[in-house]
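Biologist: Please take a close look at one part of this model: the pockets and the helices that pack around them. Keep it brisk, and give the cut-offs.

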Amino acid sequence: MNKRVEKVLNDQIEKEASSSQFYLAMASWAEGEGLSGTAKFLYTHSDEERFHMLKLVKFVNERGGDAIIAGLKTPQKEFKSLESVFRLLLKHEIMVTESINNLVDVCLQEKDYTTHNFIQWYVSEQLEEEALARTILDKIMLINGDNAGLYMFDRDLENATIQTKPSSGGSFGE
Ligand code: OFO
């Protein structure tokens, strides 16, 4: 496997693992706040990020590279509010999208069209995840701290159809 491509894939493995940990910390915080729907949503999101990581690990190894399983930093465990959780989540997803775009660039520069093809799944996934985070943030802004609204928002997240598609990875839908 091309060494430069292998390096950016391994960087991405670490980012997906960090995403999983970050959302796990958010889920745990939400659970502690009594926001059970939000917690359920974030626990599932954390699982999806782990799946994204595993998919990369397997791809690197199957192509003759060495997947690196890095140690991770402890994510923050306290959050100011529900709004700040989803603002951080969106910011994080935007950072991951930039990283995926960089991966695409490196594949093209190195003429690694197989990895380029593989990574397209992540390109679409990022589009969905950013859109979802923006939709959720818009809803939180509409609620504007109203307790009844917050209750309904949390219940909606609890009842949201959050599907994991085993064949293609995963996605969230309402
Ligand atoms: Fe792995 O999709 Fe979000 O970060």
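Modeller: What follows covers the pockets, then the helix packing. This is a predicted model, where local features need pLDDT of at least 70, side-chain atom pairs count only at pLDDT 80 or more, and totals for chains, interfaces and linings use all residues. Residues are numbered from 1 along each chain as its sequence is written, and side-chain values use heavy atoms, with hydrogens and water left out.

The largest pocket holds about 310 Å³ of space. A pocket here is an open set of points on a 1 Å grid over the protein atoms alone, where a 1.4 Å probe fits, with protein on both sides within 12 Å along at least five of seven lines. Its volume is the space filled by probe spheres set on the points, which are joined across faces, edges and corners. Lining residues have an atom within 4 Å of a point. For the largest pocket they are E14, K15, S18, Q21, F22, G71, L72, K73, T74, P75, H92 and M95. Helices α1 (3-32) and α3 (82-109) each supply at least two of these residues. The largest share, five residues, comes from α1. Helices are DSSP runs of H or I, at least four residues, numbered from the N terminus. By class, this lining has four nonpolar, five polar and three charged residues. Ala, Val, Leu, Ile, Met, Phe, Trp, Tyr, Cys and Pro count as nonpolar, Asp, Glu, Lys and Arg as charged, and the others, Gly among them, as polar.

α1 and α3 also pack on each other. Their axes come within 10 Å and cross at roughly 170°. Axes are lines fitted to C-alpha atoms over the stretch in contact, and angles run from 0 to 180 degrees between N-to-C directions. α1 and α3 are therefore roughly antiparallel (over 145 degrees). Their contact (heavy atoms within 4.5 Å) has 16 nonpolar, six polar and four charged residues.

The second largest pocket holds about 180 Å³. Its lining is S81, L82, E83, I140, M141, I143, N144, G145, D146, N147 and L150. α3, α4 (113-143) and α5 each give two or more residues to this lining. α4 gives the largest share, three residues. The lining divides into five nonpolar, four polar and two charged residues.

α3 and α4 pack at about 160°, with axes 9 Å apart. That makes α3 roughly antiparallel to α4. Their crossing is left-handed (the near helix is turned anticlockwise from the far one by less than a right angle). The contact of α3 with α4 has 20 nonpolar, five polar and six charged residues.

α5 (147-159) also meets α2 (36-62), at about 40° and with axes 7 Å apart. α2 and α5 are therefore oblique to each other (an angle from 35 to 65 or from 115 to 145 degrees). α2 passes α5 in a left-handed crossing. S36, G37, T38, K40 and F41 of α2 meet F153, D154, L157 and E158 of α5. By class, that contact has three nonpolar, three polar and three charged residues.
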